[in-house]
Amino acid sequence: MPTHRVVLIPGDGIGPEVTNAVKRILAAAQAPLTWEEHHAGLSAIAQGKDVLPDETLEAIVHHRIALKGPCTTPVGQGFASINVQLRKRLNLYAAVRPVRSIPGVKTRYDNVDLVVVRENTEGLYSGVENEIIPGLVMSMKVASEAACVRIAHWAFRYATKRKRKKVTVFHKANIMKMTDGLLLRCAQRINEDEYPNIEYQPLIIDAGCMKLVQDPTQFDVLLMENLYGDVVSDLCAGLVGGLGVVPGANIGDEQAVFEAVHGSAPDIAGKGIANPLALLMSTVMMLNHLADTRHDEACRKVSAKLKDAYNLTLSDGKKTRDLGGELGTEQFADAVIERLKG
Ligand code: NAI
């Protein structure tokens, strides 16, 4: 059986714990994957390497696919985010985060099914900041027409392929008339010219967040710029059980890097209690991506098998603590592996 070589970046904090658990599950599912481990961020520094080693970037460029654990970014000082650097340097312009209700996980809503599509290379999230004079600092929000057109196209194309009905653009173009206004104008034009069958809904982000918590089932695909996407993704995670259950993909024209929405969770790192499900769900997305882009149906089969196995595990009430269960990271992985067997 042909195998796909995937760059694995374990990350730091809970990263190595959840990546180990996911690797075990994938091996049990006989996923047609082999791993090539590389480092970034704190784990690269610990090995005496650059914070984002060239060899890590080169490996992703070469193999075109990576699975990444979370990487810590120091707060208020220190090196620039590895996550932002990876996305920008590899031009992974579309962040895709499906947010769905999970079997066996009780939340306020039991039928959430939406997808956050986030522009991943521009905006305030780029962290382009300057000190103008002592005591006066600024942060630059950049939007280019090329990037707005590219992400709007991506979102409408995705909605069409997935048979989704509506793309809602969260924006603040009443205040940021030029930058957010540009994304809005591009999305509207692309909708009218090329995707008239998909409903287009512009929504000011503050009211959009209120509507999300009141009734998330009214949303389908949400499109927004980088910083809003970062914040809204976590809000949406809260609607379906938390950060332990929301996967993600960073997709460009050449490469794709799959990672959970959550971070390195320093508060629980090393305790063996992190939920590996979000990363496992990210590998399900990765296997489907491999099936789509490399026409490998074996990947699609394994992805379906994994999805069934974790859904059944959760329906059995076997859950990690963040979801109200009692299992640790490895115990949850064991339970999924048991389900894969039979
Ligand atoms: P976080 O996502 O790491 O944690 C937020 C809360 O959710 C914590 O209470 C944590 O224990 C919990 N949590 C997160 N993932 C979990 C899991 N798999 N299972 C159970 N509980 C989980 O966000 P925080 O604390 O704001 O960020 C910590 C570090 O992670 C920061 O340095 C941040 O920059 C970085 N980060 C990295 C990301 C990435 O590599 N893509 C994404 C988000 C944050």
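Begin by selecting Cys 71 together with the ligand: in this predicted model, a backbone N or O atom of Cys 71 lies 2.8 Å from an oxygen atom of the ligand. Keep the ligand on screen and add Asn 83, where an N or O atom of the side chain is 3.1 Å from an oxygen atom of the ligand. Then add Glu 259, whose side chain places an N or O atom 3.1 Å from a nitrogen atom of the ligand. With these contacts in view, turn to the surface of the ligand, which on its own has 810 Å² of accessible area, 70% of it covered by the protein.

Next, widen the selection to the 21 residues around the ligand, of which Cys 71, Gly 263, Ala 265, Asp 267 and Asn 275 come nearest. If you colour this shell by class, you will find nine nonpolar, seven polar and five charged residues.

From the ligand, move to the largest nonpolar core, which has 93 residues; select Leu 114, Phe 170, Leu 212, Leu 222, Leu 223 and Leu 306, the members that touch the most others. Now display helix 9, residues 277-294, which gives this core its largest share, ten residues. Colouring by domain is useful here, because domain 1 (1-95 + 243-342) and domain 2 (108-240) both give residues to this core, so the core lies between them. As a general matter, nonpolar side chains in soluble globular proteins tend to be buried together.

Three single residues complete the tour. Select Thr 329, which is found in helix 11 (residues 329-341), and follow its side chain to the backbone oxygen of Ala 274, reached at 2.7 Å. Thr 329 has a relative accessible area of 1% and is therefore buried, the limit being under 20%.

Go on to the loop between strand 5 (113-119) and strand 6 (129-133), and pick out Val 128 there. Is Val 128 buried or partly exposed? Its relative accessible area is 32%, so Val 128 counts as partly exposed. Adding Val 142 lets you draw a distance between the two C-alpha atoms, which are separated by 9.1 Å, although the residues are 14 apart along the chain.

Stay in the loop between strand 5 and strand 6 and select Asn 120, which is also found there. Asn 120, unlike the partly exposed Val 128, counts as buried, at 3% relative accessibility. To finish, show Leu 92, whose backbone oxygen lies 3.1 Å from a polar atom of the side chain of Asn 120.

Technical notes:
Residues are numbered from 1 along each chain as its sequence is written. This is a predicted model: local features need pLDDT of at least 70, side-chain atom pairs count only at pLDDT 80 or more; totals for chains, interfaces and linings use all residues. Side-chain values use heavy atoms; hydrogens and water are left out. A residue is near a molecule or strand if one of its heavy atoms lies within 4 Å of it. A polar contact is a pair of N or O atoms within 3.5 Å; within protein, one must be able to donate a hydrogen and the other to accept it, and residues adjacent in sequence count only if both atoms are side-chain atoms. Accessible areas come from the Shrake-Rupley method with a 1.4 Å probe; for residues, only the protein chains shown count as cover. Ala, Val, Leu, Ile, Met, Phe, Trp, Tyr, Cys and Pro count as nonpolar, Asp, Glu, Lys and Arg as charged, and the others, Gly among them, as polar. A nonpolar core is a set of buried Ala, Val, Leu, Ile, Met, Phe, Trp, Tyr and Cys residues joined through side-chain atoms within 4.5 Å. Buried means under 20% relative accessible area, exposed over 50%, partly exposed in between (1.4 Å probe, protein chains only). Helices (H or I, at least four residues) and strands (E, at least two) are DSSP runs, numbered from the N terminus. Domain bounds come from an automatic or database domain assignment.
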